[in-house]
Structure formats: structure tokens, C-alpha cells
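Here is an informal walk through one protein model, from a single strand out to the cores and the cysteines. Have the viewer open as you read.

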Amino acid sequence: MENTRWVAPEFYNITSEMEQHPADKPALKWLHENGDYEEITYGELMKQASRLAGGLSGLGLEKGDRVLVMVPRSIIAYVIYLACLKLGLAVIPSSEMLRAKDLAYRLRHSEARAVIVWSEVTGEVNKITDDLPALDYRLSVGGAEVDPLGGWTGLENLMNGQPDSFPTVASRREDIAILAYTSGTTGNPKAVVHTHAWGYAHLRIVSSLWMDIQESDIVWATAAPGWQKWIWSPFLTVLGNGATGFVYNGSFHPHRYLQLLQDQGIQVLCCTPTEYRLMAKTEGLSRFDLSKLRCAVSAGEPLNQEVINAFQQHFGITIRDGYGQTESTLIIAALKGEPLRVGSMGKSIAPGIVEVVDEDGLPLPAGEVGDIAVHLSMPALFQSYYKDPERKANSSHGEYFITGDRARKDEEGYFWFEGRGDDIIISSGYTIGPFEVEEALMKHALVKECAVVASPDEIRGSIVKAFVVLKDGHTGTPELVRELQASVKEWTAPYKYPRKIEFIVDLPKTASGKIRRVALRDLEKKAAQK
């Protein structure tokens, strides 16, 4: 297959893509829901990144060190990522919703030498009781002051007095750039290793084949820092193409989003399916002027036909679906210039890159359902799972890496989604492993057993549902449901909590005693069809 145009030069650093744009070109326009507003040019953005890189280098951080970053949608988030990558550090993106347990595992497993955390959530790091011998530096940014006696250093102080330029480390294309943790079906999250070469390939795939970003565009990609999708679009695709990124730090309200699209003159939009669904249901949709919007894309899960129809009817814009995963990048999409097949995932980004394969890794004929698989030679496929080199091989069949999703491909090369091949739950774009939720539920004194599955939902695609067996003598009540939900939010990231809880007498199990989540999933699917 022809993919040499996606292969990075031997020496390559992702930040080189951002350093070539005109210094006076607006890079980011940031708006807080309280009305605060800031703008920054590419020149000033790179100066701030250089000052921070100098400060981090002065601490003793060096190429190859891992740094966990947990900050909100903000200009400083871009500065931090750029500074770390310039210095050759590996960034561990982390959501602000993560709890001490989540953070402790990532810090311990990655042997991170530093954390850079928004000051309002430093308390979650302070709750960690695990021994973290590799962690040398705790850096806080923004908001309230942090007591230096607690071991925290202000990031702004670290930047003071540093020069406006810092030589970018001579990274090789195979050097690690991003260490992204993603939910697994069992056990702790997997750590996905992405190199600088991944960034090179990603830019040349997503930018040209899907989002179609031009330098003159104002682009709004709504993903938050802490997720791989933020690195995909708001960070790498926007800045790598010299466009102007719009950043909104506020909670989602469909009317507010539509008003911002109009007021900011957004030309390229990248939202989750849930955000599109709720915007499409807004009353008086046609009163919004989105005439400047020329490209709207969605990723995370298939979009409903009625949502696509609503945007076509009111705004004359066709939302184009895309499919990818943390381990790769966009791999299937309604590509620019290709005829749209409603209900389809779209086509492979290039012939032979993605196939539907059987259990031996052999491509299946058109119409047959199998595993969605990525060819191992694809330049934007991850390098490995950190500290688990065998896992990638175990997830590969023949010449393909198996994604965990199932589909069929028609005669014209369009993919049609059939469902997950495992127990992972995708809800509002969040990827959730059942083990993490079940582990949190089992902490409660009244829970004897539990199983967590995806339950179909009109707005979120799926939601987390827990089937709970209580200890003898106890009965489920609405009050206990709320108590269990609150308990899960305390123990792990709140977006993972079960929105539905059903109390049952026994869980379905195999002859060997393993819980049959597939049986519970099937029950939920049948219930949703009634």
C-alpha cells in the first residue's frame, strides 16, 4: 500500500509544524463562559512555550522523561504541550475528572518525573498515598495560590526570566511524544505509546482527508485537554495547519454552542455526536446563521440520520462521520469529496489501510461481518503498549491490528458498523472500561457482585448500566441507587458512573463462573428496541 507520504523524516519533532507559521497570525481565541476573553498569536505562543521549556530544562527534566498534564481548556494548555514536546518530554494527557486512584496508577506505571496540574485540582494529587519514587516535581498553574510547603511550584514562576527562544530537542521520529492511557475491558488502563512520527502521519491524514482545514479558517474542536481527541484536533490539527483555534472553556449548552458558532464565524467544527444530537433538537434552529460553517465533522460513535438531516435542512451543511481510536488516528471516515452513504462509517483513509478481517487476520468478502483491523504498516498506528510489548502482538492477527469493533464492508468500500467486539462502553465520546466501574461499586459494603455494560441511549449513544447483586438481607431502593452512584464518583472519574442501576438476584455466568456481560448487553439492546 502507498503510505510513504505519511512517513516522517528520521529527525522530526511535532512542534516544528507550529514554528513555521507567521508570528503575527492569531493562533488561539479563548473565551470563558464568564465572559473572559484572550487571544494569542503564533509568535507569542511559541515564545511562552520556549520560556516554559527553559524552566522545565532548568529543573533537570530531559528528553524521554514522562510528565503528567492535567489542565482545562486554556491557552496555557497549548503552551504546556508545546514546551514539553520541544524539550523531548513524553506527555501523559489526563482529564481533570480523574481521581487520586486514577492518577496514582498513571504516575506509578509511567514513572513520571513531574506533574503539571491546574491549581484547583492539586488536592486530588495530594490525596495520593502510594509511594511515587520517580516523581520529583509538582507544578501548579492558574487560579489560587498553592502552598509551596506542600511541594508545589507555580508554573508562572518557572517561566519568569527565561529567554523567548529555546532550541527544540533533536527528536528522532521513533521517540515517544504522547503516552495516552485508555480503558481496558479488564484490569488497569493500557498506556498507548505514540511517537513524533505518529504526529507527522496524523497531520497528513486528518487535515487533508477529513477536516480540510485551511490557514484562513477559524476552527472549533470541542474536545478537552486530557483526551487523545484533544491532541488530534484542537492541538495538532489546528496548530499544525496554521489555522486559528477557537477555545471555549464552559459547560455544554446547545443554544450557547449554536450562538457561539454564529458569533465567532466558525468555519470548521469538530464535535461529539452527543453535542450534535442536542443542538439538532434545539427549538428555532433555523434562526441561527451558520453560513460561514463549511466543514462539520463528528467522531466517537455513529451519528443518527435525523441529526444529519437537521443540519442539512437548516444550514445546508453535511456532518461527516469519522472513526478512529486511541491506538491510531482517524482510519475510516466520510472523506472529503467522496459520495455520502447515510448510516455508513465511510471509507478507509487509503486503500488497504483498514479492512474487515476474520479470526486469522484475512480480509473478508464484501457483506460479511468481521473485525475492523488496521494494517500494521500504517505510519499512524501506535508504537506499542508501554511496559507491555507483547500486548500489541496479542491484539494482532496476521498483518493487522484488531480494533475491538466489528463491521461489514460493501462492494463500494463503505464500512457499516455492527457493534463492539468486547465490553468497552462508549458514552458521549468517553471510553469506559467496565472493570473500573465494577471495582468502584464493589467498594460499597452492601454490594456482593456486579456487572457493568453499555445500555443504548438516544442522546449519549450508550450509557453505563450496572447490574448489582446485594448481600443477603438487603433490598435495592432509589436511595441506594443514588448512594452507589455517588460512591463511584468518589472513587473514579465521575463520567464513568452508572446512570442506570438494576438490582438482580444473580448474574448470568459461564460454566467456569465468569460473568457473561454479553448476555446483559443483549438484554439492554432488546429492551431498547421495544
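In strand β3, R66, L68 and M70 point one way while V67 and V69 point the other way, and all of them are buried. Keep in mind that this is a predicted model. Five of the five residues of β3 (66–70) are buried, so the strand is largely enclosed by the rest of the structure. Its link to strand β4 (residues 90–93) consists of four bridges, and the two strands run parallel. If you want a spot to click on, V69 sits opposite P93 of β4.

**Helices under cover**

Two helices are worth a look for how they are covered. Helix α3 (residues 100–110) has nine of its 11 residues buried, so it too is largely enclosed by the rest of the structure. The buried set in α3 takes in A100, D102, L103, A104, Y105, R106, L107, H109 and S110. Just past the end of α3, E111 adopts a positive phi of about 55 degrees.

Helix α9 (residues 273–280) is mostly covered as well, with seven of its eight residues buried. Those are P273, T274, E275, Y276, R277, M279 and A280. What does the covering of the buried residues of α9? The elements involved include α8 (254–263), β12 (268–271), β13 (295–299), α10 (305–315), β14 (319–324) and β26.

**Crossings at α7**

Helix α7 (residues 228–240) packs with helix α6 (residues 196–211), and its axis also crosses that of α2. The numbers for both pairs are in the table.

| Helix pair | Axis angle | Axis distance |
|---|---|---|
| α6 and α7 | about 80 degrees | 10 Å |
| α2 and α7 | roughly 80 degrees | within 12 Å |

With that angle, α6 is roughly perpendicular to α7. On the α6 side, the contact is made by residues including W198, H202, L203 and M211, and on the α7 side by residues including Q228, I231, W232 and L236.

The α2 crossing likewise makes α2 roughly perpendicular to α7. Here A77, Y78, Y81, L82 and L85 of α2 meet W230, I231, P234, F235 and L239 of α7.

**The cores**

Which residues touch the most other members of the largest nonpolar core? They are L56, I80, F235 and L239, in a core of 145 residues. Helix α2 (residues 75–86) supplies the largest share of this core, 11 residues. Leaving out residues up to four places away in sequence, L239 touches E17, M18, H21, A27, L28, Y42, L45, Y78, L82 and P234. There is also a second, separate core of 28 residues, with L285, I308, A310 and I319 among them.

**The three-stranded sheet**

Further along the chain there is an open sheet of three strands, ordered β25-β26-β27, with mixed pairing. Strands β25 (447–457) and β27 (500–503) are at the edges and have a single partner strand each, so one side of each is left without a neighbour in the sheet. From one strand to the next, the twist averages 25 degrees. Strand β26 (residues 461–470) runs parallel to β27, and four bridges join them. Within that pairing, K465 is opposite K500 of β27.

Two helices go with this sheet. Helix α12 (residues 434–441) lies across β25 and β26, at about 140 degrees to β25. Helix α13 (residues 478–491) packs on the sheet and touches β25, β26 and β27, with its direction at about 125 degrees to that of β27.

One residue of β26 to zoom in on is S462. Is S462 buried or exposed? With a relative accessible area of 16%, S462 falls on the buried side. Among its contacts, again skipping residues up to four places away in sequence, are E301, I426, S428, A454 and D457.

**Cysteines**

How many disulfides does a search of the whole structure find? The search turns up zero. A disulfide is a covalent bond between the sulfur atoms of two cysteines. For C295, the closest cysteine sulfur is that of C270, 8.7 Å away, which is too far for a bond. C295 counts as buried at 4% relative accessibility, and C84 is buried too, with a relative accessible area of 0%.

Notes. Residues are numbered from 1 along each chain as its sequence is written. This is a predicted model: local features need pLDDT of at least 70, side-chain atom pairs count only at pLDDT 80 or more; totals for chains, interfaces and linings use all residues. Side-chain values use heavy atoms; hydrogens and water are left out. Two strands pair if DSSP finds at least two bridges between them. Axes are lines fitted to C-alpha atoms, for helices over the stretch in contact, and angles run from 0 to 180 degrees between N-to-C directions. Contact means heavy atoms within 4.5 Å. A nonpolar core is a set of buried Ala, Val, Leu, Ile, Met, Phe, Trp, Tyr and Cys residues joined through side-chain atoms within 4.5 Å. Buried means under 20% relative accessible area, exposed over 50%, partly exposed in between (1.4 Å probe, protein chains only). A disulfide is a pair of cysteine sulfur atoms within 2.5 Å. Angles under 35 degrees count as roughly parallel, over 145 as roughly antiparallel, 65 to 115 as roughly perpendicular and the rest as oblique.
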